[in-house]
Every structure is written in structure tokens, then in C-alpha cells.
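The following report describes a ligand site, several helix pairs and two backbone features. The sequence and structure are shown first.

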Amino acid sequence: MCGIVGIVSNKPVRGRLVEGLIRLEYRGYDSAGIAVVNGQGIVRRRAPGKIINLQTELDNAPIDGTCGIAHTRWATHGRPNKENAHPHQSGSVAIVHNGIIENFKILRQELAQNGHVFATQTDSEVIAHLIQFYLDRGMDEEAAFLACVERLEGAYALAALVGDANQTLYAARHGSPLVVGFGEGEMFVGSDAFALAPFTKRVLYLEEGDSAVVKIDAVQVRDQTGALVTRDIQTASISAVMAEKGNYRHFMEKEIHEQPEALARTMAAYIDPDSDLPIMGDTGLLLKNADRVVAIACGTAYLSASVGKYWIEALSGVHVETDIASEFRYRTPALSKNGTALFISQSGETADTLAAMRYCNRAGMGTVGIINAEESSIARETDAVMRTLAGPEIGVASTKAFTAQLAVLAMSALGMAHLRGRLSDEEIKTHIQALETLPELTRKAIATKTQCEAIAPVLAKARQTFFIGRGVYYPLALEGALKLKEITYLPAEGYAAGELKHGPIALIEDGTPVVVIAPSDPLMEKTVSNMEEIAARGAKIIAITDTAGAEYFEDRAEHTIILPDMPGLTGPIVSAIPLQLLAYYTALELGTNMDQPRNLAKSVTVE
Ligand code: F6R
């Protein structure tokens with residue numbers, strides 16, 4: 001989950017390398033660096049921390065050239081200091097790498113025995129040394145690069161400058177994504193099409209095991225057997241402008257506000273305008289015939305799967321298991337041949353989710369991806385894809401992708417119930433009409449921001465905060481806690497409201513804030529009883545409810561956030577918004593960087 005950019009051009013590349021890195025900063029921001037070929041060989045500049053530090057370094061000691069590579073790092077092996085920053089260099093080779101080289105210790109030992117001296121603690125540095133090792137043995141540049149790639153085990157996307165006077169980029173992909181971009185009189189490589197969006201939209205996606213030699217006006221691609229192959233050039237759909245902050249202070253703030261449009265776009269893709277019934281496309285058959293569904297994902301995407309479980313089981317009667325991808329892939333799951341596996345991911349590149357998907361593909365299960373990034377690995381490798389049309393999500397904490405995932409899951413649950421004859425056309429239409437009000441309901445939910453901002457200082461001062469809910473609001477409680485802890489670094493826990501008495505209630509002390517998510521539904525009164533129990537023990541209640549539920553909290557809650565009445569399946573989608581706003585304003589109050597919280601990265605492409 002580092003970011004890579006490379007440019008070979010007839011113009012200087014430094015400015016655009018840095019611009020590309022800024023667009024990849026969501027992938028990691030522990031350190032950054034660039035290397036260019038400048039007539040005297042390969043020169044590098046690197047700096048710990050964010051790209052702004054690299055810019056300062058480049059201002060103090062400028063370099064430029066017409067061929068170069070750049071990297072923004074999310075540290076795996078070795079501390080995030082300047083020494084360990086990419087590009088790594090050995091003689092006339094410089095490389096940037098995203099992924100993990102699993103056999104790096106063996107390679108490092110072998111190279112050390114051959115006189116190579118290592119300057120870093122990273123796994124990646126062996127790549128530069130190994131290419132140089134083969135050059136020293138008389139191989140030409142491409143042969144040396146390919147010989148190196150052949151020996152690497154693990155996951156990688158890499159770009160290299162080989163030979164210190166060359167207008168050529170070498171690139172390879174195995175387990176981590178990499179695209180090649182086609183410009184006018186210049187070519188690019190990048191971790192994703194988004195990084196290249198200001199320069200070109202014409203891209204080619206390298207496939208697993210591909211390597212490429214990229215020159216100013218051409219690219220030559222080989223597959224994993226070494227055979228020359230042709231890969232299609234596509235027009236990437238990501239527009240540069242969609243990734244700007246506009247009038248907002250932060251991407252997270254902008255993305256929270258984009259939810260009404262994101263939901264309108266997503267819903268429109270799944271409703272047949274003539275019949276007002278769900279469009280299920282290729283997924284229809286897979287979900288219709290499934291005797292069981294297993295929904296697999298990580299983090300926030302896993303929590304959307306957990307809401308989906310409630311909906312699919314209740315509406316279609318099909319048993320749903322949810323699994324955290326990193327657990328699923330390493331146990332021996334009992335899979336049903338007639339089952340369908342659902343993979344939910346914003347990026348479509350999360351290493352554990354991708355590995356779990358490949359496991360199910362190998363086992364012969366039907367696989368469906370609920371994916372935001374259209375051209376991602378999971379989108380390309382699942383049997384069928386249901387896109388969330390949230391648009392690019394740049395803030396590390398997922399907001400609009402989460403609610404768009406919920407919208408797609410709601411439509412899947414309805415589609416399954418319809419295909420199996422569990423709900424009549426009329427019942428389905430009533431549900432769909434309710435879901436069609438999401439843009440309006442979420443707009444009203446965003447209007448609670450002033451209130452959320454006023455509550456933020458309470459959370460910012462608290463030693464810890466709890467979130468509770470029942471039914472579909474239980475995963476929401478987990479999501480509220482996850483959002484708060486990841487961007488504010490404050491301890492927060494989510495619990496099923498009925499579980500408090502089984503242990504966690506011991507943590508409640510005078511003044512502990514507890515966010516109670518309880519819009520009116522058949523379980524609300526039970527949650528209210530749990531609220532009474534903790535209020536009696538001194539908890540400071542922050543209620544999230546709807547107009548019908550408000551009276552239950554009147555004299556009990558310190559703050560009551562009142563959402564509009566939320567019909568049908570809309571409740572968890574709309575209720576996510578005040579949770580996002582509470583986390584956002586608490587982070588603002590504390591001055592943390594909510595778009596790039598410490599230790600995190602947007603796309604987790606290492607396991
Ligand atoms: C939290 C968050 C993460 C992601 C998780 C999965 O706000 O964004 O927990 O949900 O890393 O990422 P994707 O959806 O890209 O697979």
C-alpha cells in the first residue's frame with residue numbers, strides 16, 4: 001500500500017512526479033522520494049513524512065530529468081525514516097516498490113555474500129541490488145530486470161530505472177496493481193489510474209505476472225511466461241476534478257456531503273425505470289440459486305456486510321455468514337458448492353479480501369464483488385460485479401463508500417427476495433420507493449452537523465466513548481466506534497446494546513459518553529431499556545434517533561440527534577451520517593489529520 005509513479009517524457013518530469021505522488025498519498029504517507037536520470041546518472045531526493053517534506057527537500061536541493069520514478073511509502077519493513085524511503089538504489093539501478101518481498105532475507109544474504117552492501121532495513125532494497133547483480137554479470141537491462149523479477153516471492157508492483165542514462169522505465173506486477181498510461185510524447189506508470197488522471201486517461205492495466213518495458217512512445221508487455229502479449233488500452237473513468245477538495249476543508253468533509261448524490265447515482269443503477277423493480281444483472285442468477293451467502297470484507301466494508309446479513313436473511317430467507325477476510329483466508333472454511341461469496345471493498349485491492357476471493361474462485365463458488373473502484377483486481381476477477389457509484393474516495397476513513405455499499409446490499413436483499421418469490425412486486429416497490437428517498441433523507445441527516453459539532457468537545461475530552469445499538473444498528477455502533485478511533489486516536493468501543501450487561505457495563509463511570517443509536521423500529525424500546533441501565537450508572541447519553549423516537553430520550557439524553565423518519569431499509573444508511581459527523585468534528589476539535597490519520601493508508605494491499 002505504497003504509491004508508485006513513473007514518467008518517461010521529452011519534458012522535465014519532476015513536477016508531475018510530485019503531483020502524481022500527492023494523488024497517491026492516500027496509499028501511505030510515512031516517507032516519499034523521487035529518482036530521475038539527469039545526464040550524470042541517477043539522482044535521488046527522499047524525505048521522511050508527508051510529500052510536503054519531499055517538496056521542501058526538492059526546493060533546497062533541486063533535481064530534474066526527463067525520466068523518473070517516485071514513491072510514497074506505508075512502512076512494512078524498517079522504520080519510516082529517510083534512510084528507508086524509496087527509491088532504493090544500487091549502482092546504476094533505482095527502484096520503487098509496493099508490496100512485500102517475502103524471500104528478501106535469503107536474497108539479501110546471497111547478495112551480501114557477493115559483496116553488496118545494504119543501506120536500509122527494507123525488504124524492497126534487495127530488488128535494486130538484484131538487478132545490479134545481474135547487470136554486473138553481463139546481462140542487458142531488460143534481461144537483468146526480468147531475471148530479478150523471476151526470483152521475487154510475495155506481492156509487488158514495481159518500477160525501475162535500469163542503467164543510468166536510459167529513457168526507459170521497467171515495471172512489473174504480481175499481487176499489487178499497476179497501470180501504464182499513454183500520453184502525447186510521454187508514457188507513465190502508476191499504482192492506479194487516479195494518479196495519472198491529470199496527465200492521461202488512456203491506460204493499460206498490467207495483469208498478474210506481467211512485466212513491461214516503457215519507452216517514450218511505446219510499451220512492450222510480457223506475461224508471466226515471458227511471452228510478448230497485447231493488453232487492451234482503456235479509457236479510465238476517473239476524472240481529475242473529482243479528486244479535488246473544492247470548497248471543503250478536508251476530503252472527509254467533502255465526501256460526507258457527497259452522500260446524497262452518491263446514493264442517488266448508486267440507487268439509479270439498480271432500479272429498472274420501467275418496472276420500478278431491482279436490476280440484478282449477472283448477479284441475479286448467482287444470488288437466486290445460492291443456498292447460502294458468505295459475505296467477506298475488512299474494516300468498514302465488513303460492517304456493511306454485517307448490516308447486509310440482517311437484510312438478506314430477513315427478506316430472502318437465505319442464510320448469510322459474514323467473515324473478516326484476514327480470518328477467512330487462513331482457516332479452512334466449510335464452503336457450500338451452491339453458495340455464493342460476496343466480497344465488499346471500496347478499493348477492490350485489499351490484499352486479504354482479494355486473497356479470500358481467489359480462494360473461493362478456486363473452490364468453484366460463485367463470486368460477486370460489491371466494489372467502488374471499477375478497474376480494480378476484485379472487480380476484474382469476480383464472476384459478477386455490483387458497483388457502488390460513490391466516486392473516488394480519498395479520505396482514509398470510509399464514508400460515502402460505506403453508505404453506497406449499504407444501498408447496494410439493500411438492493412441485493414430486495415433482488416434476492418424478489419427472485420425467490422418471498423416478496424411480491426408491490427412489496428418490493430414499496431421498499432424501493434423508500435430507498436429512493438435516501439438523497440433527501442441523507443441531506444437532512446447532514447443538516448445535523450451543527451449539533452454534531454457542538455457535541456464534539458464532549459467526545460474530545462472523554463477518556464473513552466461507547467456506541468450501542470441493536471439489530472441493524474449494532475454494526476452501526478461498531479462503525480461509529482471505528483470511525484471515531486481511527487481519526488481521533490481516542491478509545492472507543494461499539495457493543496450490541498443487549499451485551500452490555502455481560503461485562504462491558506463495568507466500564508461505565510460518571511460522565512462516560514455513550515452514543516445510543518436507536519431510531520424507531522421494533523427493537524427501539526429494548527435499546528431504550530439498556531440506555532436506562534447505563535444512564536442510571538452515570539453515562540452521558542448521546543441519542544441518535546428519529547422524530548418518532550425522540551420522546552423516549554427527552555429527559556434521559558444529554559443530547560438527542562433527531563433524524564427524519566426513515567422508512568423501510570433506509571435507517572442504517574441515514575444513521576451512518578451523524579456517526580461520521582461526530583468523528584469528523586471531534587477530530588477537528590483535536591486537530592488530528594482526519595484525511596490521513598497516523599499509521600493508516602487508504603488501500604491495504606499488504607496482508
Ligand atoms: C475505515 C476504513 C477501512 C476500510 C478497509 C477495507 O474507515 O476505511 O476499515 O473499510 O480497509 O478497505 P476496502 O473497502 O478498500 O477493501
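## Backbone features

Asp-276 is found in the loop between H8 and helix H9 (283–288); helices (H or I, at least four residues) and strands (E, at least two) are DSSP runs, numbered from the N terminus. Although Asp-276 is not a glycine, its phi is positive, at about 60°. The model is predicted, so that local features need pLDDT of at least 70 and side-chain atom pairs count only at pLDDT 80 or more, while totals for chains, interfaces and linings use all residues. Residues are numbered from 1 along each chain as its sequence is written, and side-chain values use heavy atoms, with hydrogens and water left out.

A cis peptide bond, with omega of about -5°, joins His-86 and Pro-87. Pro-87 is found in the loop between strand E4 (67–73) and strand E5 (88–90). For context, most residues other than glycine have a negative phi, and most peptide bonds are trans.

## Ligand site

The ligand is surrounded by 13 residues, of which Ser-345, Gln-346, Ser-347, Thr-350 and Glu-486 come nearest; a residue is near a molecule if one of its heavy atoms lies within 4 Å of it. By class, this shell has four nonpolar, seven polar and two charged residues. Here Ala, Val, Leu, Ile, Met, Phe, Trp, Tyr, Cys and Pro count as nonpolar, Asp, Glu, Lys and Arg as charged, and the others, Gly among them, as polar.

Helix H10 (299–316) and helix H18 (473–488) each supply at least two residues of the shell. The largest share, three residues, comes from H10.

Polar contacts to the ligand (pairs of N or O atoms within 3.5 Å) include the following.

| Protein atom | Ligand atom | Distance |
|---|---|---|
| Gln-346, backbone N or O | oxygen | 2.6 Å |
| Ser-398, backbone N or O | oxygen | 2.9 Å |
| Glu-486, polar side-chain atom | oxygen | 2.4 Å |

The protein covers 90% of the 410 Å² of accessible area that the ligand has on its own, as computed by the Shrake-Rupley method with a 1.4 Å probe.

## Helix pairs

Axes are lines fitted to C-alpha atoms, for helices over the stretch in contact, and angles run from 0 to 180 degrees between N-to-C directions. Angles under 35 degrees count as roughly parallel and those over 145 as roughly antiparallel, with 65 to 115 roughly perpendicular and the rest oblique.

H10, which contributes to the ligand shell, has its axis within 9 Å of that of helix H14 (residues 400–419), and the two cross at roughly 20°. H10 is therefore roughly parallel to H14.

The axes of helix H8 (residues 259–268) and helix H16 (residues 438–446) come within 8 Å and cross at roughly 165°, so H8 and H16 are roughly antiparallel to each other. H16 also pairs with helix H21 (residues 571–590): their axes come within 9 Å, with a crossing angle of roughly 25°. H16 and H21 are therefore roughly parallel.

Key:
Polar contact = N/O pair within 3.5 Å; in protein donor to acceptor, adjacent residues only side chain to side chain.
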